[in-house]
Amino acid sequence: MSDKIHIKMTVNGKPEEFLAEPRELLIYTLRERLNITGPHIGCETSHCGACTVTIGGKSVKACTMFVAQADGADITTIEGIGGPDDLHPLQTAFKEHHGLQCGYCTPGMITRAAALLEENPNPTEEEIRFGMAGNLCRCTGYQNIVKSILAAAAEINASKEAAQ
Amino acid sequence: MKDEVTRDERVANLKGMGCSRKRVEDARFTQGKGNYVDDIKLDGMLFGDFVRTPYAHARIVSINTEEALKVPGVLAVLTAADLEPLGLHWMPTLAGDKQMVLADGKVLFQGQEVAFVVAEDRYAAADGIELVEVEYEELPVIVDPFEALQSDVVLREDLVGEGGTLPDGAHGPRKHHNHIFRWEAGDRDPTAQVIAEAEVVAEESMYYHRTHPCPLETCGCVASMDKVNGKLTLWGTFQAPHAIRTVVSLISGIEEHNIRVISPDIGGGFGNKVGAYPGYVCSVVASIVTGKPVKWIEDRMDNLMTTAFARDYHMTGKIAATREGKITGLQCHVTADHGGFDACADPTKFPAGFMNICTGSYDIPTAYLEVDGVYTNKAPGGVSYRCSFRVTEAVYFIERMIEVLAIELNMDAAELRRINFIKKEQFPYTAALGWEYDSGDYHTAWDKALKAVDYEGLRAEQAQRVADFKAGKTRSLMGIGLSFFTEIVGAGPVKNCDILGLGMFDSCEIRIHPTGSAIARLGTISQGQGHATTFAQILASEIGLPADSITIEEGDTDTAPYGLGTYGSRSTPVAGAATAMAGRKIRAKAQMIAAYLLEVHDNDVEFDVDRFVVKGAPEKFKTMKEIAFAAYNQAIPGIEPGLEAVSYYDPPNMTYPFGAYVCVMDIDVDTGVPDIRRFYALDDCGTRINPMIIEGQVHGGLTEALAVSLGQEIAYDDMGNVKTGTLMDFFLPTAWEVPNYETDHTVTPSPHHPIGAKGVGESPHVGGVPCFSNAVQDAFRPFGNRHTNMPHDHWRIWKTAHDLGLHD
């Protein structure tokens, strides 16, 4: 089709450089080109948030952003949030409080929650419900997701205090 | 050797039944390492996608694929003409009908599959789809089943014989060319007589709208035909992988041992992923044609428009009672809109599923049910969206009829329920429509629920609110939604339950390793229910090895024993029973090994938590870990080496979970916005395996109930256009709309299930829908509301208020 464009980006701390069609969507780049399959596709209309990634501290739905718009971006996906040796408190809390069932929304949900806790380290339940409203879950009814995020916030704040 | 660990500690170490064990699935999901079908990548894999019709009813004049084939990256475009020589242009449905795989001369619903474009990637496939030229000739569209039964327009010419004769369908005679079946249960004339002679009769018509399970992950598959070895591997979002293997074998002619079906991680199912869809067949054919693996993944619009709608029941009821409120009879007629093909996913002998559970939790001596299935120009499906076959419709029907009868009798609806409940001592209870309810204690559950919410206090508050509203002090009304439901799950006994002739048993195979760990494989497949966690708990309690030492594996037909899969809350009632029974076979052999090692007679040892002990001498024992090793390293006379077992469990009956729900809602009369103040849910699912997971299932089921009752629908316009094809229009609640739920329980174990468990995943959806709906309707009862149809979105609630003159 059209001419390819030159893209440079950092994904989970790793520099990436490639040629892509301007119409390529970021979620496609991540999943198909870079084999980063944590972010999922649920709606392709920005409603469900299964594809949520963080770009420059902001939550972005990768299913409706062209890779051309992400040229030069610093992107974090669930894979960059924590792994077996350095679990993020949210990853621990979601397991501890049964904040997931089928797991399909979970990468986007945790990625969004991590950005939310950066924006607001002490959210109320209401602020969590409002701040997470862009991420849909069909299994949990959200109650345990809210509980998980509250628990992770407390954990993060406690370890910050301990470090001071 | 003196045992220093206490018995309680030994029990706790097992993490067996009854404990809130954390889920073993969560590590991979929270780290983005799940393996869903769209994550599968194979060398040279192609991508297939459909050309779909924009028309709901049209003849296909021509299909031109020439330009599409010129697109770089497009390898093939399949049409019905390509599939016909293979006999694959049509496929059998689960309901005994047949369905076009690709449009054969005409289309019957918007979004129907017309051609399959196979390309190197999704973008090339999309470009190819744009360039396939299809010429249509529009035909009259029928989206109303009542109109369909009057119309001269024939939707399915393939089902009309010579001279316009109507051959019988899979479920008997058809009365019109757009009629599919009539299904009856109960006694027609005696019921009519009871109603004719009753002191009080309440009548109501209600429409349970069409909706969709809409799991977050859509349907999809990867088909890979290995031409060297003659083996087909099919990965997919299958809720019933073994049945899919059999179906693929039957329709493709590939021998079943040469087909391997794998369900990887599944991102929610809720009934959407039970059926067999054209995408599966086309992917298999495309893989055979191209010699490469082919992936097909629905987008959200494909999903909502074409695979697996739910509900769409027009129900009319009459309920008869004495003036004191004792129900004497119930009549129900359903006009069921099945769309263009009858692809409902029900056991073969039940074309309307278990709709004949519609007498609910009540002792109703006489009843009659009649269901007419009808073809229209809407998508096929008719799946059980988070419920056992049509139970959601049945429970909604009876719980609305009870409310309407309460209005007719000018009686409190909680009291009306109480005086009609089946009594504890009546179980096992045979209902007028035939089912034998295994167990229940409804009065205890109801009293506990009403007490927990202070029902009397709520009614007093509501009366005050009405007075304040009438005095102009508030514009908010208060609704108290009640529901008491009985589910019928765990399909089912092979004597009356099969799908395509396959009995609905299920299975478990256990292999104990020498060091005392184990693997168990089942015929079911988790889609978020946490089987890997809970089935290990059942086994831990049965065989005395820690749940943490037991791997549970499902979904690979090359390794797992045959089973009918996971839907209709059947995993715990059927496969859970098989697991317990296989565990007991392991234990029986372990007992013989222990007796040999302890040098006593088999009957002189007994099982205790994690070991066999010599009766009367608890210091003499062999742990299950020791026994496992002995099974592999000792030559024991008369006993084969190894420690394995398999069980295929044919349940003697269904299980009947029940529950009592109360919803308290404030409604803004001027905006129609409901505010769910409180939701109390008491569930009785029999023996509780993992309370944490049960609670999670209840939260999720209630939220899907909230969605369906308060806004979620698949709506069509008169031209057959789907008006709710994206998540912009199709309501999925967010964290913002959903309340915190209060959960509670009673425990009435199933008498026929090996561990007394009944299943829980779907109960909250089944009981929740009428509860939310009743809350809305109850708010308007003091102003003359009798019944309004769901979904109660803001506009419809506003309209109800408006029609009752509350804006005057």
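These are my notebook entries on two chains of a predicted model.

**Entry: domains of chain A**

I began with the domain assignment of chain A, which gives domain 1 as residues 5–81 and domain 2 as residues 89–159. Taken over C-alpha atoms, the centres of domain 1 and domain 2 of chain A are separated by 21 Å. I then looked up the contact between them and found 17 residues of domain 1 of chain A in contact with 13 residues of domain 2 of chain A. On the domain 1 side, the elements that give two or more residues are β3 (52–55), β4 (58–61) and α2 (78–81) of chain A, and the largest share, three residues, comes from β3(A). Sorting that same side of domain 1 of chain A by class, I noted seven nonpolar, nine polar and one charged residues.

**Entry: helix α3 of chain A against α6**

Next I turned to helix α3 (residues 89–96) of chain A, which packs with helix α6 (residues 143–163) of chain A at an angle of about 135°, the axes being 8 Å apart. I recorded α3(A) as oblique to α6(A) because of that angle, and I noted that the crossing of the two helices is right-handed. From α3(A) the contact takes Pro89(A), Leu90(A), Ala93(A), Phe94(A) and Glu96(A), while α6(A) brings Ser148(A), Ile149(A), Ala151(A), Ala152(A), Glu155(A) and Ile156(A). By class, the residues of this contact of α3(A) with α6(A) divide into eight nonpolar, one polar and two charged.

**Entry: helix α3 of chain A against α4**

I kept α3(A) in view and looked up its crossing with helix α4 (residues 106–119) of chain A, where the axes come within 10 Å and cross at roughly 125°. That angle makes α3(A) oblique to α4(A), and α3(A) passes α4(A) in a right-handed crossing. The contact is made by Leu90(A), Gln91(A) and Phe94(A) from α3(A), together with Thr106(A), Ile110(A), Ala113(A) and Ala114(A) from α4(A). I counted the classes as five nonpolar, two polar and no charged for the contact of α3(A) with α4(A). Setting the two entries side by side, I see Leu90(A) and Phe94(A) named in the contact with α6(A) and also in the contact with α4(A).

**Entry: domains of chain B**

For chain B the division is into domain 1 (7–34 + 506–649), domain 2 (37–141 + 218–266 + 274–306) and domain 3 (309–410 + 421–491 + 654–803). I looked up domain 1 and domain 2 of chain B, whose centres, taken over C-alpha atoms, are separated by 41 Å. Their contact takes 14 residues from domain 1 of chain B and 13 residues from domain 2 of chain B. The side of domain 1 of chain B that touches domain 2 of chain B has four nonpolar, eight polar and two charged residues.

**Entry: the contact between the chains**

The contact of the two chains takes 40 residues from chain B and 44 residues from chain A. On the side of chain B that touches chain A, α2 (26–30) and α18 (691–710) of chain B each supply at least two residues, with the largest share, six residues, coming from α18(B). I noted the classes of that side of chain B as 15 nonpolar, 15 polar and 10 charged.

**Entry: backbone of chain B**

I closed with the backbone, bearing in mind that most residues other than glycine have a negative phi, and that most peptide bonds are trans.

Which residues of chain B are joined by a cis peptide bond with omega of about -5°? They are Phe427(B) and Pro428(B), and I placed Pro428(B) in the loop between α12 (413–420) and β19 (429–430) of chain B. A cis peptide bond also joins Ala491(B) and Gly492(B), with omega of about -20°, and Gly492(B) lies in the loop between β21 (476–486) and β22 (498–499) of chain B.

Arg386(B), although not a glycine, has a positive phi of about 45°, and its place is in the loop between β18 (381–383) and α11 (391–409) of chain B. Is Arg386(B) buried or exposed? I entered Arg386(B) as buried, because it has 31 C-beta neighbours inside 10 Å and 20 or more are needed. Arg390(B), likewise not a glycine, has a positive phi of about 65° and is found in the loop between β18 and α11 of chain B. With 30 C-beta neighbours inside 10 Å, Arg390(B) also counts as buried.

How values were computed:
Residues are numbered from 1 along each chain as its sequence is written. Chains are lettered from A and ligands numbered from 1 in the order in which they are written. This is a predicted model: local features need pLDDT of at least 70, side-chain atom pairs count only at pLDDT 80 or more; totals for chains, interfaces and linings use all residues. Axes are lines fitted to C-alpha atoms, for helices over the stretch in contact, and angles run from 0 to 180 degrees between N-to-C directions. Helices (H or I, at least four residues) and strands (E, at least two) are DSSP runs, numbered from the N terminus. Angles under 35 degrees count as roughly parallel, over 145 as roughly antiparallel, 65 to 115 as roughly perpendicular and the rest as oblique. A crossing is left-handed if the near helix is turned anticlockwise from the far one by less than a right angle, and right-handed if clockwise. Two residues are in contact if their C-beta atoms, placed from the backbone, lie within 7 Å. Ala, Val, Leu, Ile, Met, Phe, Trp, Tyr, Cys and Pro count as nonpolar, Asp, Glu, Lys and Arg as charged, and the others, Gly among them, as polar. A residue is buried if 20 or more other C-beta atoms lie within 10 Å of its own, exposed if 12 or fewer, and partly exposed in between; C-beta atoms are placed from the backbone. Domain bounds come from an automatic or database domain assignment.
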